[in-house]
Amino acid sequence: MSELERTAAVLAAPRGAVSIVTDRVAEPGPGEALVRMEACGICHSDLFVAGLEKLKLVPLTLGHEGIGRVEAIGSGVTNLAVGDRVGITFLAASCGECELCLAGLERYCARQLNFGYTVHGALATRAVVRTELLAKIPESLNAAEAAPMCCAGWTAYGAVRETGLVAGQLLAIFGMGGLGHLAQQYSAVRGVRVAAVDVSVEKLRMANAAGAEVCVPAADAGRDIQKRCGGADAAIVLTPAPAAIEQAFRSVKRTGKVLLVGIANTRFELPVIDTVLKGIHVQGSFLGTRQDLDDALRLAAEGKVKAHVETHPLDRTPELLQRLHRGEVTGRAVIVF
Ligand code: ZN
Ligand code: ZN
């Protein structure tokens, strides 16, 4: 096995360049598997990681939205076998013993490891990964369409579920890109109506074509949604722009919920009086439960939710990260190996 090569998208240093590197693949150690990757999506969190001032592990193989097949397993691996099809998500491992892990909230564990961030990720022809939290991927699902489920789909599904909205209620979705177009479909599965918000006319046009009840530009979205729909029952904010968070806050009804999903090193300000007197809930939402991930994969396998993907070869990764940074990717950019 030691003669096997792999090609990977590697971040050289914190805030450094991402380049395509070919090197020798490591042997899977205890609790690890060697996975021959089929596809890996490119996520805004890859940009976030690449832009951090400090990183624990560099050079770092990026990627946390990967689909592949197990080629070899290390010692002590009992939860999967050679030939299994697996999904690599942002969550590589958690401590398994803190109160959050025991409550099924391992995504909030303080001692978690993250693929493509604190451990090497999946943007590579072959990846050596810890196995305990790998997802099982239905054979019927095309790899390029399955890949976005491991982060964008999981996160969007988790957020829509956490709003607690039921059929007939209105959800405002801020940011109609990779996560947003999936959140819209998960809402539709639940019969939840959608108000789509974005700065991009093109993304709003697509949301409209996909059945959004109202599509409004971001600038004055709060007022527009109040005026046209009497306010949303909840809002999810998939972009980290403070202005979007403020508009989402303004868009919800009294006692409404605002879920923050997009991340960046920014801060936001909200009016205290309105938060208190209108009983507005502001809450973070990160990934989802294991059940959410299985549900997202099942809905994709059943054809009820379809990720809008554009596929590219691995060597396009640096350029795709730039396009993502400029907001030029309308669905999900997926690397196919
Ligand atoms: Zn991600
Ligand atoms: Zn834990």
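**Exercise 1.** State which members of the largest nonpolar core touch the most other members, and which domains the core draws on.

*Solution.* Of the 109 residues in this core, Ile173, Ala195, Ile236 and Val237 touch the most other members. A nonpolar core here is a set of buried Ala, Val, Leu, Ile, Met, Phe, Trp, Tyr and Cys residues joined through C-beta atoms within 7 Å; buried means that 20 or more other C-beta atoms, placed from the backbone, lie within 10 Å of the residue's own. The core takes at least three residues from each of domain 1 (5-151 + 288-336) and domain 2 (155-284), with bounds from an automatic or database domain assignment.

The model is predicted: local features need pLDDT of at least 70, side-chain atom pairs count only at pLDDT 80 or more, and totals for chains, interfaces and linings use all residues. Residues are numbered from 1 along each chain as its sequence is written, and chains are lettered from A and ligands numbered from 1 in the order in which they are written.

**Exercise 2.** Describe how domain 1 meets domain 2.

*Solution.* Start with the centres, taken over C-alpha atoms: they are 27 Å apart. Next, count contacts (C-beta atoms, placed from the backbone, within 7 Å): 18 residues of domain 1 contact 17 of domain 2. On the domain 1 side, helix 10 (residues 290-301) gives the most, four residues; helices are DSSP runs of H or I, at least four residues, numbered from the N terminus.

**Exercise 3.** Decide whether helix 4 is largely enclosed or not.

*Solution.* Helix 4 covers residues 152-163. Of its 12 residues, 10 are buried, so the rest of the structure largely encloses helix 4. Among them are Trp154, Tyr157 and Val160. Gly164, with a positive phi near 75 degrees, follows helix 4.

Definitions and conventions: Two residues are in contact if their C-beta atoms, placed from the backbone, lie within 7 Å. Helices (H or I, at least four residues) and strands (E, at least two) are DSSP runs, numbered from the N terminus. The expected span of a helix is 1.5 Å times one less than its number of residues.
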